[in-house]
Amino acid sequence: MASSQSTSPTIEYDAFLFDLDGTLLDTADDLGAALNTVLRSQQLDTVSREVYRAAASNGAAALLEVGFKDKWGEQPQAQLVKQLIDAYAANIAKHTTCFAGIEPLLIELERKNIKWGIMTNKPGFLTAPLVAAIPALKNACVVISGDTLAEAKPSPLPLLHCAKLMGVAPNRCLYIGDALRDIQAGKAAGMHTATALWGYVPNLTEVLSWQADFNWQSPIEGFNHI
């Protein structure tokens with residue numbers, strides 16, 4: 001997938017904020033394993049990584065819909081969502097790793113004394129153990145989950161809360177994510193935005209329609225803004 005970004009002068013930021021699933025961490029295989037656990041319990045065919053990866057950023061119900069297909073509307077959805085979440089929580093970081101280039105970027109941010117944090121729509125009871133299981137994320141200045149405040153992305157409120165906690169002006173923050181709601185939230189918060197093309201993004205044409213300030217092929221492109 002080709003990268004496309006603004007031709008405006010290079011901007012250096014006081015803080016980087018990151019989405020979690022599909023941006024910092026490749027969580028798809030643990031989420032997919034939980035989905036397939038549910039599908040096997042219902043005597044249904046499991047799905048491949050290629051199939052579940054596309055829904056990995058969109059929550060438990062979206063994953064289950066991928067697995068159940070046109071039968072999803074007939075299912076006891078709340079019960080199955082809980083079953084998937086329980087299966088995921090029990091093995092939350094078995095296969096999860098940082099995407100290539102994330103660790104060097106975080107190390108460089110810390111070396112330059114640039115603050116960085118995490119704002120994810122993942123609920124806090126899953127965010128906390130996942131972040132704790134990944135050593136590279138131990139120095140995050142702030143970790144805000146989807147249920148920390150009354151509103152989650154695409155609302156700008158969680159991102160503004162992050163900026164306030166870090167003592168950084170929103171217009172001096174860059175928010176990086178792999179979903180439309182990430183870019184919408186970042187823009188609404190008055191931050192610059194970058195799409196993580198290495199994440200669980202749809203096709204490039206759709207991504208470009210989000211009109212992020214930057215579309216990064218690799219986290220290493222973040223070095224241009226440090």
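Is Phe-68 buried or exposed?

**Figure 1. Phe-68 in the predicted model.** This legend and those that follow describe a predicted model. Phe-68 belongs to helix α3. Its relative accessible area is 3%, so Phe-68 counts as buried. For a distance along the chain, Ile-11 serves as the partner: Phe-68 and Ile-11 are 57 residues apart in sequence, and their C-alpha atoms are separated by 45 Å.

**Figure 2. The largest pocket and its lining.** The space in the largest pocket amounts to about 340 Å³. Its lining consists of 22 residues, and those nearest the centre are Asp-21, Ala-56, Ser-57, Gly-59 and Lys-122. Three elements give two or more residues to this lining: α3 (60-68), α4 (77-90) and α8 (180-188). The largest share comes from α4, with 3 residues. By residue class, the lining of the largest pocket holds 10 nonpolar, 5 polar and 7 charged residues.

**Figure 3. The salt bridge between Lys-122 and Asp-21.** Two of the residues nearest the centre of the largest pocket, Lys-122 and Asp-21, are joined by a salt bridge with an N to O distance of 2.8 Å. The partners come from distant parts of the chain, 101 residues apart. Lys-122 sits in the loop between β4 (115-119) and α6 (124-133), while Asp-21 sits in the loop between β1 (15-18) and β2 (25-26). Both Lys-122 and Asp-21 are buried.

**Figure 4. The salt bridge between Asp-29 and Arg-49.** The side chains of Asp-29 and Arg-49 form a salt bridge at 2.6 Å, N to O. This pair links helix α1, which holds Asp-29, to helix α2 (residues 49-53), which holds Arg-49, and the two residues are 20 residues apart. Asp-29 counts as partly exposed because its relative accessibility is 27%. Arg-49, at 33% relative accessibility, is likewise partly exposed.

**Figure 5. Asp-30, a buried acid without a salt bridge.** Asp-30 is placed in helix α1 (residues 28-41). Which side chain of opposite charge is nearest to Asp-30? That side chain belongs to Lys-94, 7.1 Å away, and buried Asp-30 has no salt bridge. The limit for a salt bridge is a nitrogen to oxygen distance within 4 Å. The backbone of Lys-94 offers another contact: its nitrogen lies 3.2 Å from a polar atom of the Asp-30 side chain.

**Figure 6. Further salt bridges.** How many salt bridges does a search of the whole structure find? The search finds 9. One of them pairs the side chains of Lys-112 and Glu-108 at 3.5 Å, N to O. Lys-112 has a relative accessible area of 39% and is therefore partly exposed. Glu-108, at 14%, is buried. Elsewhere, a network of salt bridges links Asp-19, Lys-153 and Asp-182.

**Figure 7. The cis peptide bond at Pro-154.** Most residues other than glycine have a negative phi, and most peptide bonds are trans. The bond joining Lys-153 and Pro-154 is cis, with omega about 20°. Pro-154 is located in the loop between β5 (143-144) and α7 (157-166). Lys-153 also takes part in the salt-bridge network with Asp-19 and Asp-182.

**Figure 8. Two residues with positive phi.** Gln-43 is not a glycine, yet its phi is positive, about 55°. Gln-43 lies in the loop between α1 and α2. With a relative accessible area of 67%, Gln-43 is exposed. Asn-113, also not a glycine, has a positive phi of about 60°. The place of Asn-113 is the loop between α5 (102-111) and β4. Asn-113 counts as exposed because its relative accessibility is 71%.

**Figure 9. Val-51 in helix α2.** Helix α2 includes Val-51. The relative accessible area of Val-51 is 39%, so this residue counts as partly exposed. Where buried ends and exposed begins is set at under 20% and over 50%, with partly exposed in between. Leu-63 follows 12 residues apart from Val-51 in sequence, and the C-alpha to C-alpha distance between Val-51 and Leu-63 is 9.4 Å.

Methods: Residues numbered from 1 in each chain as written. Predicted model: local features only at pLDDT ≥ 70, side-chain atom pairs only at ≥ 80, totals over all residues. Heavy atoms only, no water. 1 Å grid on protein atoms, 1.4 Å probe; cavity = no way out; pocket = protein on both sides within 12 Å on 5 of 7 lines; lining within 4 Å. Points joined across faces, edges and corners; volume = space filled by probe spheres on them. Helix = DSSP H or I, 4+ residues; strand = E, 2+ residues; numbered from the N terminus. Nonpolar A, V, L, I, M, F, W, Y, C, P; charged D, E, K, R; others polar. Buried < 20%, exposed > 50% of the residue type's maximum accessible area, 1.4 Å probe, protein only. Lys, Arg positive; Asp, Glu negative; His and termini not counted. Polar contact = N/O pair within 3.5 Å; in protein donor to acceptor, adjacent residues only side chain to side chain.
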